[in-house]
Amino acid sequence: MPVLSTRLSAAAASVFGTSYDPELRSSTKPEFGHYQSNLALRIGNALDLPPRDVAARLVASLQVEDLCSTPEIAGPGFINLTLLPETLAKAVNEPESFTSNGQRVVVDYSQPNVAKQMHVGHLRSTVIGDALCNVLEFAGYDVIRQNHVGDWGTQYGMMIEQLLEDDISAESLDLEGLQQLYERSRKHFDADGTFAGKARLRVVALQSGDPETRAMWRHMVDVSLDDFGKVYALLGSNLQRTDVVGESAYNDDLPQVVAELERQGLLTESDGAMCAFLPGFLGRDGDPLPVIVRKSDGGFGYSATDLAAVRHRVSTLHADRIVYVVDHRQALHFDMIFTLARAAGWLPPATSAEHVEFGTVLGPNGKPFKTREGGTVKLVDLLESAVARADALLAGREGVDRAATARAVGIGAVKYADLSSDRGNDYVFDLDRMVAMTGNTGPYLQYAHARLTRLLSKAGTRGELTELEDPAEQRLALLLTGFGATVEQVAQTLQPHRLCTYLYDVASALSTFYEQCPVLSSEGATRASRIALCTATRKVLQDGLGLLGIEAPDAM
(Lines give C-alpha, C1' and ligand atoms only; values in the text may rest on other atoms or scores of the structure.)
Protein backbone atom coordinates (compact mmCIF):
# COMPACT_ATOMS: atom_id res chain seq x y z
CA MET A 1 0.00 0.00 0.00
CA PRO A 2 1.74 3.22 -1.19
CA VAL A 3 0.56 5.40 1.70
CA LEU A 4 2.05 3.02 4.28
CA SER A 5 5.37 2.98 2.45
CA THR A 6 5.38 6.77 2.34
CA ARG A 7 4.76 7.07 6.06
CA LEU A 8 7.38 4.48 7.00
CA SER A 9 9.90 6.30 4.84
CA ALA A 10 8.94 9.59 6.48
CA ALA A 11 9.41 8.04 9.95
CA ALA A 12 12.89 6.85 8.99
CA ALA A 13 13.79 10.32 7.69
CA SER A 14 12.50 11.90 10.88
CA VAL A 15 14.46 9.63 13.22
CA PHE A 16 17.62 8.84 11.22
CA GLY A 17 17.83 11.68 8.74
CA THR A 18 17.57 9.47 5.64
CA SER A 19 14.47 8.54 3.63
CA TYR A 20 14.85 4.76 3.22
CA ASP A 21 12.72 2.55 0.98
CA PRO A 22 10.72 0.49 3.52
CA GLU A 23 10.35 -2.45 1.08
CA LEU A 24 6.91 -3.19 2.46
CA ARG A 25 5.81 -6.78 1.76
CA SER A 26 2.51 -8.58 2.17
CA SER A 27 2.78 -10.87 5.18
CA THR A 28 2.94 -14.59 4.53
CA LYS A 29 0.97 -15.54 7.65
CA PRO A 30 -2.04 -13.86 9.34
CA GLU A 31 -0.25 -13.65 12.69
CA PHE A 32 2.26 -11.27 11.08
CA GLY A 33 -0.47 -8.77 10.18
CA HIS A 34 -1.19 -7.60 6.64
CA TYR A 35 2.19 -6.05 5.82
CA GLN A 36 5.71 -6.51 7.09
CA SER A 37 8.88 -4.43 6.76
CA ASN A 38 12.52 -5.31 7.47
CA LEU A 39 13.46 -1.63 7.41
CA ALA A 40 14.75 -1.69 11.01
CA LEU A 41 17.12 -4.57 10.22
CA ARG A 42 18.59 -2.75 7.24
CA ILE A 43 19.01 0.51 9.16
CA GLY A 44 20.49 -1.36 12.10
CA ASN A 45 23.06 -3.04 9.86
CA ALA A 46 23.92 0.23 8.14
CA LEU A 47 24.31 2.22 11.37
CA ASP A 48 25.55 -0.62 13.59
CA LEU A 49 22.54 -0.33 15.92
CA PRO A 50 20.38 -3.08 17.49
CA PRO A 51 17.55 -3.65 14.97
CA ARG A 52 14.84 -3.99 17.66
CA ASP A 53 15.90 -0.64 19.10
CA VAL A 54 15.71 0.85 15.62
CA ALA A 55 12.27 -0.71 15.14
CA ALA A 56 11.04 0.77 18.45
CA ARG A 57 12.20 4.26 17.44
CA LEU A 58 10.58 3.90 14.00
CA VAL A 59 7.27 2.74 15.48
CA ALA A 60 7.31 5.61 17.99
CA SER A 61 7.63 8.10 15.11
CA LEU A 62 5.29 6.29 12.73
CA GLN A 63 1.92 7.98 12.28
CA VAL A 64 -0.55 5.39 10.99
CA GLU A 65 -3.31 5.51 13.59
CA ASP A 66 -5.85 6.38 10.92
CA LEU A 67 -4.85 3.38 8.81
CA CYS A 68 -3.66 0.58 11.09
CA SER A 69 -3.99 -0.95 14.49
CA THR A 70 -0.96 -0.50 16.77
CA PRO A 71 2.19 -1.65 14.88
CA GLU A 72 3.98 -4.67 16.33
CA ILE A 73 7.68 -5.53 16.47
CA ALA A 74 8.48 -9.18 15.83
CA GLY A 75 11.58 -11.38 15.86
CA PRO A 76 14.89 -9.58 15.33
CA GLY A 77 13.16 -6.30 14.38
CA PHE A 78 10.43 -6.81 11.77
CA ILE A 79 7.63 -4.26 11.84
CA ASN A 80 4.17 -5.81 11.36
CA LEU A 81 1.25 -3.66 10.24
CA THR A 82 -2.43 -4.64 10.30
CA LEU A 83 -4.87 -2.43 8.42
CA LEU A 84 -8.07 -1.31 10.08
CA PRO A 85 -11.17 -2.90 8.52
CA GLU A 86 -12.39 0.50 7.40
CA THR A 87 -9.03 1.17 5.71
CA LEU A 88 -9.29 -2.07 3.78
CA ALA A 89 -12.89 -1.37 2.83
CA LYS A 90 -12.03 2.10 1.54
CA ALA A 91 -9.12 0.76 -0.51
CA VAL A 92 -11.41 -1.79 -2.17
CA ASN A 93 -14.17 0.77 -2.77
CA GLU A 94 -11.69 3.26 -4.26
CA PRO A 95 -9.22 1.16 -6.29
CA GLU A 96 -6.00 2.64 -7.59
CA SER A 97 -6.24 4.06 -11.11
CA PHE A 98 -3.51 4.81 -13.61
CA THR A 99 -2.98 7.95 -15.64
CA SER A 100 -0.61 8.58 -18.53
CA ASN A 101 3.03 8.48 -17.49
CA GLY A 102 4.11 10.35 -20.62
CA GLN A 103 6.29 7.43 -21.75
CA ARG A 104 6.10 5.78 -25.16
CA VAL A 105 7.03 2.11 -25.50
CA VAL A 106 7.50 0.22 -28.76
CA VAL A 107 6.89 -3.52 -28.44
CA ASP A 108 8.23 -5.81 -31.19
CA TYR A 109 6.55 -9.23 -31.14
CA SER A 110 5.10 -12.20 -33.05
CA GLN A 111 7.42 -11.84 -36.13
CA PRO A 112 6.24 -14.69 -38.43
CA ASN A 113 7.91 -15.23 -41.80
CA VAL A 114 6.13 -14.50 -45.07
CA ALA A 115 5.31 -17.53 -47.23
CA LYS A 116 5.32 -19.82 -44.19
CA GLN A 117 2.43 -20.85 -41.97
CA MET A 118 2.57 -19.71 -38.37
CA HIS A 119 3.67 -22.55 -36.09
CA VAL A 120 3.89 -23.32 -32.39
CA GLY A 121 7.13 -21.35 -32.20
CA HIS A 122 5.14 -18.14 -32.80
CA LEU A 123 2.74 -18.84 -29.95
CA ARG A 124 4.87 -17.56 -27.10
CA SER A 125 6.02 -14.34 -28.75
CA THR A 126 2.46 -13.44 -29.73
CA VAL A 127 0.81 -14.33 -26.42
CA ILE A 128 3.50 -12.74 -24.24
CA GLY A 129 3.71 -9.66 -26.47
CA ASP A 130 -0.04 -9.11 -26.40
CA ALA A 131 -0.19 -9.44 -22.62
CA LEU A 132 2.70 -7.03 -22.10
CA CYS A 133 1.15 -4.45 -24.45
CA ASN A 134 -2.15 -4.69 -22.56
CA VAL A 135 -0.44 -4.26 -19.20
CA LEU A 136 1.74 -1.38 -20.36
CA GLU A 137 -1.28 0.47 -21.80
CA PHE A 138 -3.22 -0.09 -18.57
CA ALA A 139 -0.25 1.21 -16.56
CA GLY A 140 -0.22 4.50 -18.48
CA TYR A 141 2.21 3.94 -21.35
CA ASP A 142 1.60 5.02 -24.93
CA VAL A 143 2.12 1.64 -26.63
CA ILE A 144 3.10 1.12 -30.27
CA ARG A 145 2.90 -2.49 -31.46
CA GLN A 146 5.35 -3.59 -34.16
CA ASN A 147 5.08 -6.93 -35.99
CA HIS A 148 8.53 -7.28 -37.57
CA VAL A 149 7.63 -9.98 -40.12
CA GLY A 150 10.34 -11.67 -42.17
CA ASP A 151 9.50 -10.48 -45.69
CA TRP A 152 12.89 -9.76 -47.25
CA GLY A 153 16.10 -11.49 -48.24
CA THR A 154 17.51 -14.41 -50.19
CA GLN A 155 14.55 -16.77 -49.77
CA TYR A 156 12.32 -14.52 -51.89
CA GLY A 157 14.84 -14.49 -54.70
CA MET A 158 14.85 -18.28 -54.55
CA MET A 159 11.07 -18.56 -54.53
CA ILE A 160 10.47 -16.07 -57.35
CA GLU A 161 13.10 -17.70 -59.54
CA GLN A 162 11.49 -21.08 -58.85
CA LEU A 163 8.09 -19.68 -59.83
CA LEU A 164 9.52 -18.53 -63.16
CA GLU A 165 11.29 -21.81 -63.78
CA ASP A 166 8.13 -23.81 -62.98
CA ASP A 167 6.05 -21.40 -65.09
CA ILE A 168 3.56 -20.97 -62.24
CA SER A 169 1.56 -17.81 -61.59
CA ALA A 170 2.14 -16.36 -58.13
CA GLU A 171 -1.59 -15.52 -57.93
CA SER A 172 -2.45 -19.24 -58.11
CA LEU A 173 -0.79 -20.05 -54.78
CA ASP A 174 -2.26 -19.85 -51.29
CA LEU A 175 -0.07 -19.87 -48.19
CA GLU A 176 0.30 -23.65 -48.14
CA GLY A 177 1.30 -23.53 -51.80
CA LEU A 178 3.84 -20.82 -51.02
CA GLN A 179 5.34 -22.91 -48.24
CA GLN A 180 5.70 -25.86 -50.62
CA LEU A 181 7.28 -23.50 -53.14
CA TYR A 182 9.78 -22.37 -50.51
CA GLU A 183 10.72 -25.96 -49.70
CA ARG A 184 11.26 -26.79 -53.41
CA SER A 185 13.30 -23.66 -54.02
CA ARG A 186 15.45 -24.28 -50.93
CA LYS A 187 16.41 -27.75 -52.14
CA HIS A 188 17.06 -26.41 -55.65
CA PHE A 189 19.18 -23.54 -54.29
CA ASP A 190 21.33 -25.89 -52.21
CA ALA A 191 21.83 -28.43 -55.02
CA ASP A 192 22.26 -26.29 -58.14
CA GLY A 193 24.88 -23.56 -58.25
CA THR A 194 23.50 -22.10 -61.48
CA PHE A 195 20.05 -21.74 -59.94
CA ALA A 196 21.59 -20.25 -56.78
CA GLY A 197 23.30 -17.60 -58.92
CA LYS A 198 20.01 -16.71 -60.63
CA ALA A 199 18.27 -16.52 -57.25
CA ARG A 200 20.88 -14.08 -55.93
CA LEU A 201 20.46 -11.89 -59.01
CA ARG A 202 16.70 -12.03 -58.42
CA VAL A 203 17.27 -10.67 -54.91
CA VAL A 204 19.13 -7.74 -56.46
CA ALA A 205 16.16 -7.19 -58.78
CA LEU A 206 13.81 -7.27 -55.80
CA GLN A 207 15.91 -4.80 -53.83
CA SER A 208 16.25 -2.46 -56.80
CA GLY A 209 12.51 -2.38 -57.44
CA ASP A 210 12.10 -4.45 -60.64
CA PRO A 211 8.29 -4.27 -61.32
CA GLU A 212 7.73 -7.95 -62.23
CA THR A 213 9.75 -9.19 -59.26
CA ARG A 214 8.11 -6.78 -56.85
CA ALA A 215 4.60 -7.80 -58.04
CA MET A 216 5.25 -11.48 -57.31
CA TRP A 217 6.81 -10.65 -53.94
CA ARG A 218 3.87 -8.39 -53.05
CA HIS A 219 1.43 -11.22 -53.69
CA MET A 220 3.41 -13.50 -51.38
CA VAL A 221 3.28 -10.86 -48.66
CA ASP A 222 -0.45 -10.17 -49.05
CA VAL A 223 -1.42 -13.85 -49.01
CA SER A 224 0.71 -14.38 -45.90
CA LEU A 225 -0.62 -11.38 -44.01
CA ASP A 226 -4.21 -12.41 -44.77
CA ASP A 227 -3.53 -15.83 -43.28
CA PHE A 228 -1.71 -14.38 -40.28
CA GLY A 229 -4.73 -12.18 -39.63
CA LYS A 230 -6.99 -15.23 -39.41
CA VAL A 231 -4.68 -16.88 -36.88
CA TYR A 232 -4.52 -13.68 -34.81
CA ALA A 233 -8.33 -13.49 -34.86
CA LEU A 234 -8.62 -17.08 -33.57
CA LEU A 235 -5.98 -16.39 -30.93
CA GLY A 236 -7.71 -13.18 -29.88
CA SER A 237 -4.57 -11.14 -30.53
CA ASN A 238 -4.70 -7.36 -30.72
CA LEU A 239 -2.20 -7.29 -33.58
CA GLN A 240 -3.57 -5.58 -36.69
CA ARG A 241 -2.41 -5.34 -40.30
CA THR A 242 -1.36 -1.75 -39.59
CA ASP A 243 1.09 -3.01 -36.95
CA VAL A 244 3.10 -4.92 -39.56
CA VAL A 245 6.44 -3.25 -40.22
CA GLY A 246 8.47 -5.96 -41.90
CA GLU A 247 12.15 -6.16 -42.74
CA SER A 248 11.40 -4.69 -46.17
CA ALA A 249 10.29 -1.42 -44.58
CA TYR A 250 13.90 -0.65 -43.69
CA ASN A 251 15.47 -1.60 -47.03
CA ASP A 252 16.04 1.98 -48.21
CA ASP A 253 17.70 2.88 -44.89
CA LEU A 254 20.34 0.15 -44.93
CA PRO A 255 22.98 1.93 -47.05
CA GLN A 256 22.69 4.94 -44.75
CA VAL A 257 23.08 2.69 -41.68
CA VAL A 258 26.36 1.33 -43.07
CA ALA A 259 27.56 4.78 -44.14
CA GLU A 260 26.95 6.28 -40.69
CA LEU A 261 28.72 3.42 -38.95
CA GLU A 262 31.67 3.79 -41.32
CA ARG A 263 31.87 7.55 -40.69
CA GLN A 264 32.03 6.88 -36.97
CA GLY A 265 34.81 4.35 -37.41
CA LEU A 266 32.71 1.49 -36.03
CA LEU A 267 33.11 -0.86 -38.99
CA THR A 268 36.02 -3.03 -40.10
CA GLU A 269 36.37 -4.91 -43.37
CA SER A 270 36.72 -8.65 -42.81
CA ASP A 271 36.91 -11.03 -45.80
CA GLY A 272 34.99 -8.51 -47.87
CA ALA A 273 32.23 -8.01 -45.28
CA MET A 274 31.74 -4.86 -43.21
CA CYS A 275 31.68 -5.84 -39.55
CA ALA A 276 31.60 -4.24 -36.13
CA PHE A 277 33.83 -5.84 -33.50
CA LEU A 278 32.57 -4.79 -30.10
CA PRO A 279 34.64 -4.97 -26.90
CA GLY A 280 33.77 -7.91 -24.69
CA PHE A 281 32.07 -10.09 -27.30
CA LEU A 282 34.15 -13.19 -27.91
CA GLY A 283 33.46 -16.61 -29.39
CA ARG A 284 34.20 -19.92 -27.71
CA ASP A 285 37.62 -19.89 -29.32
CA GLY A 286 38.36 -16.49 -27.79
CA ASP A 287 38.25 -14.65 -31.11
CA PRO A 288 36.19 -11.45 -31.42
CA LEU A 289 32.60 -11.96 -32.56
CA PRO A 290 31.50 -9.74 -35.47
CA VAL A 291 28.23 -7.97 -36.09
CA ILE A 292 28.01 -8.43 -39.87
CA VAL A 293 26.32 -5.29 -41.16
CA ARG A 294 27.03 -5.76 -44.88
CA LYS A 295 27.92 -9.14 -46.37
CA SER A 296 30.81 -9.76 -48.73
CA ASP A 297 28.43 -9.92 -51.73
CA GLY A 298 27.13 -6.43 -50.90
CA GLY A 299 23.86 -7.64 -49.41
CA PHE A 300 22.60 -6.68 -45.99
CA GLY A 301 21.98 -9.15 -43.18
CA TYR A 302 19.30 -8.99 -40.52
CA SER A 303 21.72 -7.19 -38.18
CA ALA A 304 21.58 -4.16 -40.48
CA THR A 305 17.80 -4.36 -40.53
CA ASP A 306 17.62 -4.56 -36.74
CA LEU A 307 19.92 -1.56 -36.42
CA ALA A 308 17.75 0.41 -38.85
CA ALA A 309 14.69 -0.57 -36.79
CA VAL A 310 16.28 0.69 -33.56
CA ARG A 311 17.19 3.98 -35.23
CA HIS A 312 13.66 4.38 -36.64
CA ARG A 313 11.96 3.58 -33.34
CA VAL A 314 13.97 6.20 -31.50
CA SER A 315 14.23 8.98 -34.08
CA THR A 316 10.83 8.64 -35.78
CA LEU A 317 8.55 6.87 -33.30
CA HIS A 318 10.18 8.69 -30.35
CA ALA A 319 10.32 5.61 -28.14
CA ASP A 320 11.34 6.02 -24.51
CA ARG A 321 11.44 2.26 -24.13
CA ILE A 322 11.85 -0.53 -26.71
CA VAL A 323 10.83 -4.11 -25.95
CA TYR A 324 11.69 -7.14 -28.11
CA VAL A 325 9.72 -10.32 -27.39
CA VAL A 326 11.97 -12.92 -29.02
CA ASP A 327 13.11 -16.38 -27.88
CA HIS A 328 16.16 -16.84 -25.68
CA ARG A 329 18.37 -18.07 -28.55
CA GLN A 330 18.63 -14.47 -29.78
CA ALA A 331 19.98 -13.08 -26.50
CA LEU A 332 23.55 -12.57 -27.75
CA HIS A 333 22.33 -11.05 -31.02
CA PHE A 334 20.26 -8.40 -29.28
CA ASP A 335 22.96 -7.68 -26.73
CA MET A 336 25.33 -6.90 -29.60
CA ILE A 337 22.74 -4.90 -31.57
CA PHE A 338 21.89 -2.75 -28.53
CA THR A 339 25.59 -2.22 -27.76
CA LEU A 340 26.37 -1.16 -31.34
CA ALA A 341 23.28 1.08 -31.52
CA ARG A 342 24.37 2.85 -28.32
CA ALA A 343 27.91 3.26 -29.63
CA ALA A 344 26.47 4.84 -32.79
CA GLY A 345 24.28 7.21 -30.75
CA TRP A 346 21.05 5.77 -32.17
CA LEU A 347 20.03 4.39 -28.79
CA PRO A 348 20.55 7.21 -26.27
CA PRO A 349 21.07 6.54 -22.55
CA ALA A 350 17.57 7.77 -21.73
CA THR A 351 15.96 5.13 -23.96
CA SER A 352 15.90 1.59 -22.62
CA ALA A 353 16.04 -1.47 -24.88
CA GLU A 354 14.96 -4.78 -23.38
CA HIS A 355 15.04 -8.29 -24.78
CA VAL A 356 12.07 -10.20 -23.34
CA GLU A 357 13.38 -13.68 -23.88
CA PHE A 358 11.37 -16.85 -23.45
CA GLY A 359 11.88 -20.60 -23.43
CA THR A 360 10.66 -23.37 -25.73
CA VAL A 361 7.29 -25.12 -25.96
CA LEU A 362 7.97 -28.80 -25.31
CA GLY A 363 6.05 -31.93 -26.12
CA PRO A 364 5.21 -34.67 -23.58
CA ASN A 365 8.63 -36.24 -24.29
CA GLY A 366 10.37 -33.12 -23.00
CA LYS A 367 11.67 -32.21 -26.44
CA PRO A 368 10.62 -29.29 -28.69
CA PHE A 369 6.98 -29.76 -29.69
CA LYS A 370 6.70 -31.56 -33.04
CA THR A 371 4.10 -33.47 -35.03
CA ARG A 372 4.20 -37.27 -35.02
CA GLU A 373 6.03 -37.07 -38.32
CA GLY A 374 8.63 -34.80 -36.77
CA GLY A 375 7.40 -31.65 -38.50
CA THR A 376 6.55 -28.28 -37.01
CA VAL A 377 3.10 -28.01 -35.41
CA LYS A 378 0.91 -25.42 -37.14
CA LEU A 379 -0.37 -22.86 -34.68
CA VAL A 380 -3.91 -22.92 -36.06
CA ASP A 381 -4.09 -26.73 -35.61
CA LEU A 382 -2.93 -26.44 -32.03
CA LEU A 383 -5.50 -23.74 -31.21
CA GLU A 384 -8.34 -25.62 -32.86
CA SER A 385 -7.44 -28.72 -30.83
CA ALA A 386 -7.67 -26.67 -27.63
CA VAL A 387 -11.09 -25.32 -28.61
CA ALA A 388 -12.31 -28.84 -29.44
CA ARG A 389 -11.08 -30.12 -26.05
CA ALA A 390 -12.90 -27.30 -24.25
CA ASP A 391 -16.05 -27.93 -26.29
CA ALA A 392 -16.10 -31.57 -25.17
CA LEU A 393 -15.92 -30.47 -21.52
CA LEU A 394 -18.97 -28.22 -21.99
CA ALA A 395 -21.20 -31.01 -23.34
CA GLY A 396 -24.54 -31.11 -21.55
CA ARG A 397 -24.21 -27.75 -19.83
CA GLU A 398 -27.30 -25.58 -20.09
CA GLY A 399 -27.48 -21.81 -20.41
CA VAL A 400 -24.12 -21.60 -22.15
CA ASP A 401 -23.28 -20.37 -25.65
CA ARG A 402 -21.27 -23.50 -26.27
CA ALA A 403 -19.34 -22.41 -29.36
CA ALA A 404 -18.32 -19.00 -27.98
CA THR A 405 -17.52 -20.39 -24.53
CA ALA A 406 -15.47 -23.29 -25.95
CA ARG A 407 -13.40 -20.81 -27.91
CA ALA A 408 -12.92 -18.56 -24.88
CA VAL A 409 -12.00 -21.48 -22.59
CA GLY A 410 -9.80 -23.35 -25.09
CA ILE A 411 -7.82 -20.32 -26.26
CA GLY A 412 -7.70 -18.95 -22.71
CA ALA A 413 -6.33 -22.25 -21.42
CA VAL A 414 -3.47 -22.18 -23.95
CA LYS A 415 -2.64 -18.55 -23.21
CA TYR A 416 -2.74 -18.96 -19.44
CA ALA A 417 -0.52 -22.05 -19.53
CA ASP A 418 2.02 -20.05 -21.54
CA LEU A 419 1.87 -16.96 -19.35
CA SER A 420 1.62 -18.54 -15.90
CA SER A 421 5.14 -19.95 -15.82
CA ASP A 422 8.25 -17.81 -15.75
CA ARG A 423 8.71 -16.89 -19.41
CA GLY A 424 12.39 -17.78 -19.27
CA ASN A 425 11.55 -21.43 -18.67
CA ASP A 426 10.53 -24.11 -21.17
CA TYR A 427 7.11 -25.63 -20.59
CA VAL A 428 5.30 -28.78 -21.67
CA PHE A 429 2.25 -28.38 -23.87
CA ASP A 430 -0.34 -30.60 -22.15
CA LEU A 431 -3.95 -29.91 -23.17
CA ASP A 432 -5.43 -32.10 -20.44
CA ARG A 433 -3.69 -30.05 -17.76
CA MET A 434 -4.39 -26.74 -19.51
CA VAL A 435 -8.17 -27.17 -19.68
CA ALA A 436 -8.53 -28.54 -16.14
CA MET A 437 -11.11 -26.72 -14.02
CA THR A 438 -8.97 -27.05 -10.89
CA GLY A 439 -5.50 -25.81 -10.04
CA ASN A 440 -3.63 -22.85 -11.44
CA THR A 441 -5.27 -22.86 -14.89
CA GLY A 442 -7.11 -20.41 -17.10
CA PRO A 443 -10.45 -22.29 -16.87
CA TYR A 444 -10.25 -22.22 -13.05
CA LEU A 445 -10.05 -18.41 -13.11
CA GLN A 446 -12.71 -18.15 -15.81
CA TYR A 447 -15.05 -20.33 -13.76
CA ALA A 448 -14.44 -18.16 -10.68
CA HIS A 449 -15.53 -15.15 -12.74
CA ALA A 450 -18.57 -16.97 -14.15
CA ARG A 451 -19.61 -18.13 -10.68
CA LEU A 452 -19.43 -14.58 -9.38
CA THR A 453 -21.47 -13.35 -12.33
CA ARG A 454 -24.18 -15.89 -11.57
CA LEU A 455 -24.20 -14.97 -7.87
CA LEU A 456 -24.40 -11.24 -8.57
CA SER A 457 -27.25 -11.75 -11.04
CA LYS A 458 -29.27 -13.08 -8.11
CA ALA A 459 -28.08 -10.51 -5.60
CA GLY A 460 -30.03 -7.45 -6.72
CA THR A 461 -28.96 -4.00 -5.53
CA ARG A 462 -25.25 -3.49 -4.93
CA GLY A 463 -23.69 -0.99 -2.56
CA GLU A 464 -20.26 -0.37 -1.05
CA LEU A 465 -18.08 -2.56 1.08
CA THR A 466 -18.58 -1.57 4.72
CA GLU A 467 -17.89 -4.60 6.90
CA LEU A 468 -14.85 -6.86 7.04
CA GLU A 469 -15.14 -8.89 10.21
CA ASP A 470 -14.33 -12.41 9.04
CA PRO A 471 -10.64 -13.21 8.33
CA ALA A 472 -11.63 -14.70 4.95
CA GLU A 473 -13.23 -11.39 4.01
CA GLN A 474 -10.16 -9.48 5.09
CA ARG A 475 -7.81 -11.81 3.19
CA LEU A 476 -9.79 -11.40 -0.04
CA ALA A 477 -10.11 -7.64 0.39
CA LEU A 478 -6.39 -7.27 1.08
CA LEU A 479 -5.56 -9.16 -2.11
CA LEU A 480 -7.88 -6.94 -4.15
CA THR A 481 -5.99 -3.86 -3.00
CA GLY A 482 -2.84 -5.31 -4.58
CA PHE A 483 -4.10 -5.31 -8.17
CA GLY A 484 -2.61 -1.95 -9.10
CA ALA A 485 0.76 -2.78 -7.55
CA THR A 486 0.83 -6.09 -9.40
CA VAL A 487 0.10 -4.41 -12.74
CA GLU A 488 2.86 -1.88 -12.08
CA GLN A 489 5.28 -4.67 -11.19
CA VAL A 490 4.54 -6.50 -14.45
CA ALA A 491 4.92 -3.25 -16.42
CA GLN A 492 8.37 -2.78 -14.90
CA THR A 493 9.67 -6.38 -14.94
CA LEU A 494 7.85 -7.56 -18.10
CA GLN A 495 7.06 -10.85 -16.32
CA PRO A 496 3.37 -11.66 -16.89
CA HIS A 497 3.47 -14.77 -14.68
CA ARG A 498 3.35 -12.41 -11.70
CA LEU A 499 -0.13 -11.30 -12.74
CA CYS A 500 -1.19 -14.94 -13.21
CA THR A 501 0.03 -15.81 -9.71
CA TYR A 502 -1.83 -12.83 -8.27
CA LEU A 503 -5.11 -13.75 -9.99
CA TYR A 504 -4.81 -17.35 -8.84
CA ASP A 505 -4.30 -16.12 -5.26
CA VAL A 506 -7.45 -14.00 -5.61
CA ALA A 507 -9.49 -16.92 -6.95
CA SER A 508 -8.19 -19.19 -4.17
CA ALA A 509 -9.08 -16.61 -1.50
CA LEU A 510 -12.50 -16.27 -3.12
CA SER A 511 -13.05 -20.01 -2.75
CA THR A 512 -12.22 -19.80 0.97
CA PHE A 513 -14.53 -16.80 1.30
CA TYR A 514 -17.40 -18.79 -0.26
CA GLU A 515 -16.86 -21.59 2.26
CA GLN A 516 -16.75 -19.37 5.33
CA CYS A 517 -18.91 -16.34 4.49
CA PRO A 518 -22.46 -16.90 3.17
CA VAL A 519 -23.45 -14.13 0.77
CA LEU A 520 -27.05 -14.41 -0.43
CA SER A 521 -28.27 -16.02 2.80
CA SER A 522 -26.72 -13.34 5.02
CA GLU A 523 -28.73 -10.30 6.04
CA GLY A 524 -28.69 -6.54 6.23
CA ALA A 525 -25.42 -4.65 6.12
CA THR A 526 -23.41 -7.89 6.11
CA ARG A 527 -25.18 -9.13 2.99
CA ALA A 528 -24.77 -5.78 1.21
CA SER A 529 -21.09 -5.59 2.11
CA ARG A 530 -20.36 -9.12 0.95
CA ILE A 531 -22.13 -8.48 -2.33
CA ALA A 532 -19.90 -5.41 -2.78
CA LEU A 533 -16.83 -7.55 -2.07
CA CYS A 534 -17.97 -10.05 -4.70
CA THR A 535 -18.53 -7.21 -7.18
CA ALA A 536 -15.01 -5.89 -6.63
CA THR A 537 -13.54 -9.38 -6.95
CA ARG A 538 -15.38 -10.00 -10.22
CA LYS A 539 -13.97 -6.76 -11.65
CA VAL A 540 -10.40 -7.64 -10.67
CA LEU A 541 -10.71 -11.10 -12.23
CA GLN A 542 -12.27 -9.67 -15.39
CA ASP A 543 -9.70 -6.88 -15.72
CA GLY A 544 -6.79 -9.18 -14.90
CA LEU A 545 -7.83 -11.85 -17.38
CA GLY A 546 -8.39 -9.13 -19.98
CA LEU A 547 -4.83 -7.87 -19.50
CA LEU A 548 -3.60 -11.40 -20.16
CA GLY A 549 -5.65 -11.43 -23.36
CA ILE A 550 -8.10 -13.99 -21.94
CA GLU A 551 -11.88 -13.70 -22.20
CA ALA A 552 -13.93 -13.92 -19.00
CA PRO A 553 -17.21 -15.72 -19.88
CA ASP A 554 -20.29 -14.88 -17.82
CA ALA A 555 -21.38 -18.52 -17.85
CA MET A 556 -19.53 -21.84 -18.10
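Select Arg124 and its surroundings: leaving aside residues up to four places away in sequence, Arg124 touches Gly129, Phe358, Gly359, Thr360, Val361, Asp418, Ser421, Arg423, Asn425 and Tyr427. The model is predicted.

Colour helix 5 next, since Arg124 is found there. Arg124 counts as buried because its relative accessibility is 1%, and the cut-off for buried is under 20%. Now show the polar contacts of its side chain. One, of 3.0 Å, joins Arg124 to the side chain of Asp418. The side chain of Arg124 also reaches the backbone oxygen of Gly359, at 3.4 Å.

Step back along the chain to Gln111, in the loop between strand 5 (104-108) and helix 5 (121-138). Gln111 is not a glycine, yet its phi is positive, near 55°. Its relative accessible area is 18%, so Gln111 is buried.

Go on to His318, in the loop that runs between helix 11 (302-315) and strand 10 (321-325). Here too a residue other than glycine has a positive phi, near 60° for His318. Is His318 buried or exposed? Its relative accessibility is 51%, so His318 counts as exposed; the cut-off for exposed is over 50%.

Finish at helix 20, residues 524-547, and place a distance between its end C-alpha atoms. They are 35 Å apart. At 1.5 Å a residue, the 24 residues of helix 20 should span 34 Å, so the two values agree. Then select Gly549, just after helix 20, where phi is positive at about 80°.

Key
Residues are numbered from 1 along each chain as its sequence is written. This is a predicted model: local features need pLDDT of at least 70, side-chain atom pairs count only at pLDDT 80 or more; totals for chains, interfaces and linings use all residues. Side-chain values use heavy atoms; hydrogens and water are left out. Helices (H or I, at least four residues) and strands (E, at least two) are DSSP runs, numbered from the N terminus. The expected span of a helix is 1.5 Å times one less than its number of residues. Buried means under 20% relative accessible area, exposed over 50%, partly exposed in between (1.4 Å probe, protein chains only). A polar contact is a pair of N or O atoms within 3.5 Å; within protein, one must be able to donate a hydrogen and the other to accept it, and residues adjacent in sequence count only if both atoms are side-chain atoms. Contact means heavy atoms within 4.5 Å.
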